[in-house]
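Colleague: I'm new to reading models like this one. Can we go through it together, with me asking what each label rests on?

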Amino acid sequence: MGKKFLPSAVALLGGAAGFALRKWQLNTAFEADTGLAIPGATATTVLVAFSLLVVLFLLPLCRGQEKTLTWDKAFANGRGNAVFATALLLGAILLLGSAGLEVMHFSENAARTYAGETRVFRIVSRALLSLRILLCLGSLPAVFLWIRAIFRGEGGTESLASLVPCLLCCLWLISDYQLRSADPVVMDYVYEVFAIVTILLGLYYIAGHAFGNGRPRRTLYFCLLGAYFSLVTLADPHSMTDLLRYGFAVIYLSAHAILILTHPPVEEAPAEPEREADENA
């Protein structure tokens, strides 16, 4: 049983170590006056090498899973599992909290973020921010429906609820790109981009199981990477709304990864008995 949890342990413990390394990088690998990255900084090299090691080490661990799994097999251990349900509800509450904070600071954030841009750009950006808030709010009932389906073992069919977090991450990625695209110091934000992209892919492959396209290897891999990079980027100076979303990602992706790692053995279909030759032939 212990070996089944090794991939999750690598991602979570690796994420904790990556968080410490990122803190070291932020404190020592950037010029104090200009904020530019210092070429060849030891902390930067160590964190890049460590992250690459985690990315590569998880590959063979995830390849031990089946190529395909039905919805009921992939999440079988979530049925009647109160710990799993509680964890996902906690994640949904974090999303709700992030939405509440964005509502409170909507005008302030919009004015600060999009000052100096064209009128059309400001309108589009405000619309994206509004949609992100709505999707954060909508994630609470969506995750609740998803939890209920797994808890009761009533899934296996198309579930639109599983797509709400995916849409949220799409908008989150677009908004983050708008804020970061003009920043010449890539090391300032590269880990948060990795985090959002892998979170999105993890959510996408989780949802795929509900549409008859379950890929447990890819689901597990990107769930673990999403958790790892989310923990690493928590060391960055994010807003509280982003911190809550990263917390949701760590909980949500890790919970589904553990379900896949502990799914019951897949019974092979019994071989069809050979047809007896027709005696009269």
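Colleague: Let's start small. Which helix is V46 found in?

Modeller: V46 is in helix α2. A helix here is a DSSP run of H or I with at least four residues, a strand is an E run of at least two, and both are numbered from the N terminus. This is a predicted model, where local features need pLDDT of at least 70, side-chain atom pairs count at pLDDT 80 or more, and totals for chains, interfaces and linings use all residues. Residues are numbered from 1 along each chain as its sequence is written, and side-chain values use heavy atoms, with hydrogens and water left out.

Colleague: Why does V46 count as partly exposed?

Modeller: Buried means under 20% relative accessible area, exposed means over 50%, and partly exposed is in between (1.4 Å probe, protein chains only). V46 has 33% relative accessibility, so partly exposed is its label.

Colleague: What is V46 in contact with, leaving aside its neighbours within four places in sequence?

Modeller: V46 is in contact with L21 and W24, where contact means heavy atoms within 4.5 Å. W24 is 22 residues from V46 along the chain, and their C-alpha atoms are separated by 10.0 Å.

Colleague: Now N81. Where is its place, and why does N81 count as partly exposed?

Modeller: N81 is in the loop between α3 (71–74) and α4 (82–104). Its relative accessibility is 24%, so N81 counts as partly exposed too. The C-alpha atoms of N81 and I150 are separated by 8.9 Å, with their positions 69 residues apart along the chain.

Colleague: And S254, why is that one buried or exposed?

Modeller: Put its 12% relative accessible area against the cut-off and S254 is buried. You'll find S254 in helix α10. Not counting residues up to four places away in sequence, S254 touches L12, A227 and A249.

Colleague: What makes α10 mostly covered?

Modeller: Count its residues: 18 of the 22 in α10 are buried. From first C-alpha to last, α10 reaches 31 Å, close to the 32 Å expected at 1.5 Å a residue. That expected span is 1.5 Å times one less than the number of residues.

Colleague: How do you know whether the span of helix α1 agrees with what it should be? What are the numbers?

Modeller: Helix α1 (residues 6–28) has 23 residues, so it should span 33 Å; its end C-alpha atoms are 32 Å apart, and that agrees. Several residues of α1 are buried, including V10, G14, G18 and L21. The buried residues of α1 pack against α2, α8, α9 and α10.

Colleague: How many helices and strands does the chain have?

Modeller: Ten helices and zero strands. Of the 281 residues, 44% count as buried. Among contacts between residues at least 6 apart in sequence, 83% join residues at least 24 apart.

Colleague: Which residues touch the most other members in the largest nonpolar core?

Modeller: Those are F75, L88, W146, I199, Y252 and L253, out of 65 residues in that core. Helix α6 (residues 119–152) gives the largest share, eleven residues. A nonpolar core is a set of buried Ala, Val, Leu, Ile, Met, Phe, Trp, Tyr and Cys residues joined through side-chain atoms within 4.5 Å. Y252 touches L88, V143, W146, L203 and I206, not counting residues up to four places away in sequence.

Colleague: Let's look for empty space. How many cavities of 30 Å³ or more does the count come to?

Modeller: One. On a 1 Å grid over the protein atoms alone, a cavity is a set of points where a 1.4 Å probe fits but cannot get out; a pocket is an open set with protein on both sides within 12 Å along at least five of seven lines, and lining residues have an atom within 4 Å of a point. The largest cavity has a volume of about 40 Å³. Among the residues lining the largest cavity are L95, W172, R245 and F248, and α7 gives the most, four residues.

Colleague: And which residues line the second largest pocket?

Modeller: V48, S51, L52, V55, Y191, F194, T198, L225 and F229. Of that lining, α2 supplies the largest share, four residues. The second largest pocket has a volume of about 150 Å³.

Key: Points joined across faces, edges and corners; volume = space filled by probe spheres on them.
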